[in-house]
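Student: I should like to study the strands and helices of this structure with some guidance. May we go through them together?

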Amino acid sequence: MAFFSQIADAFTLCSQPPAERPVRTTADPPMAPEDALKLLKDGNRRFVRGCPWGSATKDAARQQLVDEGQAPHTAIIGCADSRAPLETIFDAMPGDIFVLRNAGNTCTHAEGSMVGSLEFATGKLGSRLILVLGHTKCGAIYGATKTYLDAGGAGKKAGCALEGLLQDLGSVAQVAAEEMGAGASSDEVAAHAVKVNVFHTMNFLLKFSQSIREGVRSGQIEIQGGIYHLETGSVEFLGKSPAQKELLESAMPLPPSMVVPGDADRGVHGVRTGADERVPSDLALKMLKDGNERFAVGAVTASKTSGDMRKALVKHNQAPHSAILGCADSRVPVDTVFDAMPGELFVLRNAGNTCTHAEGSMVGSLEFCTGKLGTRLILVLRHTQCGAIAGATATYQSGASQAPGCALEGLLQGLASVAKETSEELGPNASQDQLVSHAVKVNVFNSMNFLLKFSEPLRELVRKGELDIQGGIYHLDTGRVQFLGRSPRQAELLASQLSLPPSMALGAIRTPQDGTLEPKLALKNLKDGNERFVVGAPIAKVHPNMREALATKGQAPHTAIVGCADSRVPLETVFDALPGDLFVLRNAGNTCTHAEGSILGSLEFCTGALKTQLIFVLGHTNCGAIKGATAAYLASKDAKRKKASQALEVLLSELGSVAAEAQAQCGSKATEEEIATAAVKLNVLHTMNFLLQYSQPIREKVRSGELEIQGGVYDLKSGRVEFLGQSPMQSKLVNSTTKAAPSLQQAIGGA
């Protein structure tokens, strides 16, 4: 049946030509895309079968086209190749098709004329179908493919317009080569590139023409693709672009080469100055995206500054629409990447584009730009293959933790937190390349979070909607910026109360004149101080007048700390505290199991006479006392317990209850190290509970809200304190009636 259907179709097309073919004019209504497509298909079938109706016109028809004007049913972008005459291929009459042709049927270059012409055809002339038509054995595509493959993917400066065309078609050749795979020959890649190029041009129209995009979105216009086969004369119709749905969301209103200096975006003087209005953050982000797209496709518009422009920048001052925190890498010239003119971007750059170190200058500069200059957008920009990130990752993986011997080592160690987070997210099986690639993204958010955490002026502007902080990654291989949006932690960090970056915070000595510090502020001082210690930006420095004040006016510590005597945990250093800040009690194991009289008595003095309202119990990882207690406990289970003869044996023996609880929690198969690790945290809670249970003055103050007891564990490796909060048993223990610690009860009773 199919054969007879084809015979009937051929008979219809070839044996019944109209006596006189009419021409389309404005007197005819616009033709639906599906009807126009049918005319093209029918005309091409007649051409292939050698029975075209022809395009001969009489004087009357020609005069009709003149008097009434054209109304082509289809606009076609085709190749200028002489073997592909479009009106002949589709057996079309004058007035039927609006034809645009260039070498390679592309919009990579001269896109203004091509896109503008199509907007004219679909707007003024009423054409509702656009056909992008490539053809086999296309010289432009084959030349571009050869240029790309011979260069090994690396471009060189074009020496003439033809070389420029071939290089710009290189992205088409690249996609074709990637899709065909490594084993494909040059001819195979080029043949496939013809099809890739058709879709590339269709996508270009959808992306860069607002009017065409709106027409497609509303169903008034269709964009179809096709390939003309020189060997058979037949057109292979490809349908719509697979990317059409996605590209209909594009908002870029003009092709890159049509955005010219002097537009409103450039400012009233051709460059942005203080004479121009402030740019909202969403518009500034769009300007960055548009500029980067122009850079990526090789259609930059940023021109040299004239004398008048330079004078305007001097006279009217600067008013940059965006502040960019970028890397100092010479391959990432920020102004160039965004096709920006002088006055548009406030650019800060360092190795690794980070705020981990030298945060004062970076944060201070951004506060100046957003405050004094009125900039409404900060973009934190990283790039692929970042040497600083690669070095930091290698440093972290090596486990190097010694003091840095130079500024570079300090920078790499400072970025180690980024490498650590990356390693934890990707897991132990990630390759070095994977770690470095992901670390770049982690570092973007790390720096964004730093700005939100340590700058109250920036935070306040973000809260009020007057500033947006966004992130991005510049891809060295494509020239395109991947825009990442805002930090996922932004809402959380806007609640931060740290008013300055660690290295810029200033401390003052505490004396009784300062009054009592409430627990939540004391705890905040501990957290802030530990953060300064961790990032290597301590500020605790003592001056002679501070010492004199402490000597003459007395002390008023904001926190009493029960810590371990371990020399690796110097408490004032860990919390970057000044003399007068902390009332420090230390023993092996930060415990009240023994010598509770002196610890409890000291804490009762501090919270009573000195009116301190926060007690903080701090354990630490790899605690020798806890390890010894755990070993002693496990050994005592397998041997007959003997009476302790030395004070150390007594300490370890009494800490055995903590080790026993840790083993119960960890299970019978837990190793000694696992039990000891768990016991560190349990011992902190044990000491907190001891204070609540055996000190009536402390218990009363906690019950009345005059005192808080909190706990934490110091990590020897990272320097960070894990803050544990209050004891889970506090509400129960504050109602305890025990009046004295066990070792004191006998002495009290016998007095």
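The following exchange concerns a predicted model.

Student: Which residue in β10 is the bridge partner of Gly472?

Tutor: Strand β9 covers residues 468-474 and strand β10 covers residues 481-485. The two strands pair in the antiparallel sense over four bridges. Within this pairing, the partner of Gly472 in β10 is Phe483.

Student: Which residue in the turn of the β9 and β10 hairpin has a positive phi?

Tutor: The hairpin has six residues between its two strands. One residue in the turn has a phi of about 80 degrees, and that residue is Gly479.

Student: Why is one side of β12 and of β15 left without a neighbour in the sheet?

Tutor: Five strands form an open sheet with mixed pairing, in the order β12-β11-β13-β14-β15. Strands β12 (582-587) and β15 (721-725) therefore each lack a neighbour on one side, because each stands at an edge with a single partner strand.

Student: How many bridges join β13 to β14?

Tutor: Strand β13 comprises residues 614-620, and strand β14 comprises residues 708-714. In this pairing, His620 stands opposite Tyr714 in β14. The two strands run parallel, and the number of bridges joining them is seven.

Student: What angle does the direction of helix α29 make with that of β14?

Tutor: Helix α22 (residues 519-534) lies across β11, β12, β13, β14 and β15, at about 35 degrees to β13. Helix α29 (residues 672-694) also packs on the sheet, touching β11, β13, β14 and β15. The angle between the directions of α29 and β14 is about 160 degrees.

Definitions and conventions: Residues numbered from 1 in each chain as written. Predicted model: local features only at pLDDT ≥ 70, side-chain atom pairs only at ≥ 80, totals over all residues. Heavy atoms only, no water. Pairing = 2+ DSSP bridges. Contact = heavy atoms within 4.5 Å. Axes fitted to C-alpha atoms, helices over the stretch in contact; angles between N-to-C directions.
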